[in-house]
Amino acid sequence: MRKLELHWQIMIGMLLGLVFGFGMTYLAGGKEIVTNWIAPFGTIFIKLLKLIAVPLILASLIKGISDLKDISKFRNIGLRTIGIYVGTTTVAIILGLVLVNLIEPGNGVSEETIEKLTSTYANDEGVTAKLEEATRQKESGPLKFLEDMVPDNAVSALGNNQLMLQVIFFTIFMGISMLLIGEDKAKPLKKFFDSLNDVVLKMVDLIMLTAPFAVFALLANVVVSSSDPEILLALLKYAGVVVLGLFLMIVFYSILVSIFAKKNPFWFLKQLSPAQLLAFSTSSSAATLPVTMERVEEHIGVDKEVSSFVLPVGATVNMDGTSLYQGIAAVFIAQALSFDLPLGAQLTIVLTALLASIGTAAVPGAGMVMLVIVLESVGFPPEKYAIGLALIFAVDRPLDMLRTVVNITGDATVATIVAKSVDKLHKPKPKNWDDHYDEVK
């Protein structure tokens, strides 16, 4: 009997998790059963992925840079990567603004719904935490993100998954320094990181064996933790605009892959689908990063010299799905609360959302922190921030799951295009977890 491909296994796990979660929602004590006995397995899975994220970036990026043997090649990859990331993020924000102005989902929200959402969520711990974090970021200087990129202690940076930009900075600094001391002197260190890279990739393979069971646990927990169905229905039009925008971004990526990478977009999406499904389940680009790198390198054929730089940077600074959501959410809140947003203010949203996406943590809920910064940039009354966030808080988690899918798809698209442009796109060479099993039996 033919074994089901990984993306089908994960999809079955997701569907079973959704069905099981809905069933347990209506069972007495069902929520407690899922929270206490099932959700922990999903949490363990995410922890395992986060566990190997920093070692994978460290080993993979140093290997990629040292394999280039030419700093000018790394410069070319870096410039093209940043340029395309800025371009796709700008497209995402503009697309979101066009859709929300055409459909106007905020004009259909009743005063009763606004009051209900405000009373339910305005003082919610999640909303207040986002407001506090946004305030902290707004009080930072204009070049704070550059300052934060440079670690003062490499060990502490490597020990904190939220300091991904610092890890990338240190790793690039180390990789370039290895090039400059010459191949002979760098050889022992390079062999170490080459071996570490192979070990960590094998850990990814082993972790992925549990992926179908993990997404079952994650989705079941999401369902039993979901908000009041009546509130979700009231926000259906807003959620529909966001989902439409995210779908159009996937279409946009498919066109880019077809034109610039000369790859079949359906094949591309199929190879990436396990990472997309995990992104949906975890709502975290950072947690999904090891799987995204494995799929892009082994199943799409992007050389490590490109993927090891483009993907970690993308997981931190490229948030197309989140940026699209910024534009839609900001205008939706303004429409619902009768706050006028002229064209000039909406152009400000484009710039602010683009800048806010740089350095924002690639973790669940980061989009709402960015949203407060965007609202502040267009003069939205500070006393209404909590009401604005309350309007969208109920549907933020499912939309966060979807926009994370778009975020990692954008990262993979840019990696593929950049690889093609520098002749680093080769025939895929997938590896299995048991490739060397016979050697250790």
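1. A good place to begin is Thr171, which lies in helix α8, the stretch of residues 164-180. With a relative accessibility of 0%, Thr171 counts as buried, because buried means under 20% relative accessible area. The side chain of Thr171 reaches the backbone oxygen of Val167, at 2.6 Å. Please keep in mind, here and in every point below, that this is a predicted model.

2. Helix α14, made up of residues 285-300, deserves a careful look, since its 16 residues have end C-alpha atoms only 19 Å apart, short of the 22 Å that a straight helix would reach at 1.5 Å a residue. When you follow α14 along its length, you will also find a kink of about 35°, which is centred on Val291. As for its surroundings, 16 of the 16 residues of α14 are buried, so this helix is largely enclosed by the rest of the structure.

3. The two ends of α14 can be described as well. At its start, a side-chain oxygen of Ser284 comes to within 3.4 Å of the backbone nitrogen of Ala286. After the helix comes Gly301, which has a positive phi, near 100°.

4. Helix α17, residues 343-356, can be put through the length check that was applied to α14. Its 14 residues should span 20 Å at 1.5 Å a residue, and its end C-alpha atoms are 20 Å apart, which agrees. The buried residues of α17 are Ala345, Gln346, Ile349, Val350, Thr352, Ala353, Leu354 and Ala356. When reading that list, it helps to recall that an α-helix has 3.6 residues a turn, so residues three or four places apart point the same way.

5. How are helices α3 and α20 placed with respect to each other? Helix α3 (residues 71-103) and helix α20 (residues 396-421) pack at an angle of about 140°, and their axes are 10 Å apart. The two helices are therefore oblique to each other, given that an angle has to be over 145 degrees to count as roughly antiparallel. The crossing in which α3 passes α20 is right-handed.

6. Two loop residues should be checked for their backbone angles, bearing in mind that most residues other than glycine have a negative phi. Glu104, in the loop between α3 and α4 (111-121), has a positive phi of about 50° although it is not a glycine. Lys262, in the loop between α12 (236-260) and α13 (265-282), likewise has a positive phi, near 60°, and is a residue other than glycine. As to accessibility, Glu104 is partly exposed, with a relative accessible area of 37%, whereas Lys262 is exposed, with a relative accessible area of 60%.

7. Finally, it is worth comparing separation along the chain with separation in space, for which two pairs of residues will serve. Glu115, placed in helix α4, counts as exposed at 54% relative accessibility. Although Glu115 and Ile387 are 272 residues apart along the chain, their C-alpha atoms are separated by 8.9 Å. Val372, in helix α18 (residues 366-377), counts as buried at 2% relative accessibility. Val372 and Val34 are 338 residues apart in sequence, and from C-alpha to C-alpha they are 33 Å apart in space.

Key. Residues numbered from 1 in each chain as written. Predicted model: local features only at pLDDT ≥ 70, side-chain atom pairs only at ≥ 80, totals over all residues. Heavy atoms only, no water. Helix = DSSP H or I, 4+ residues; strand = E, 2+ residues; numbered from the N terminus. Expected span 1.5 Å × (residues − 1). Bend = angle between axes of the 7 residues up to and from the residue. Buried < 20%, exposed > 50% of the residue type's maximum accessible area, 1.4 Å probe, protein only. Polar contact = N/O pair within 3.5 Å; in protein donor to acceptor, adjacent residues only side chain to side chain. Axes fitted to C-alpha atoms, helices over the stretch in contact; angles between N-to-C directions. Parallel < 35°, antiparallel > 145°, perpendicular 65-115°, else oblique. Left-handed = near helix turned anticlockwise from the far one by under 90°.
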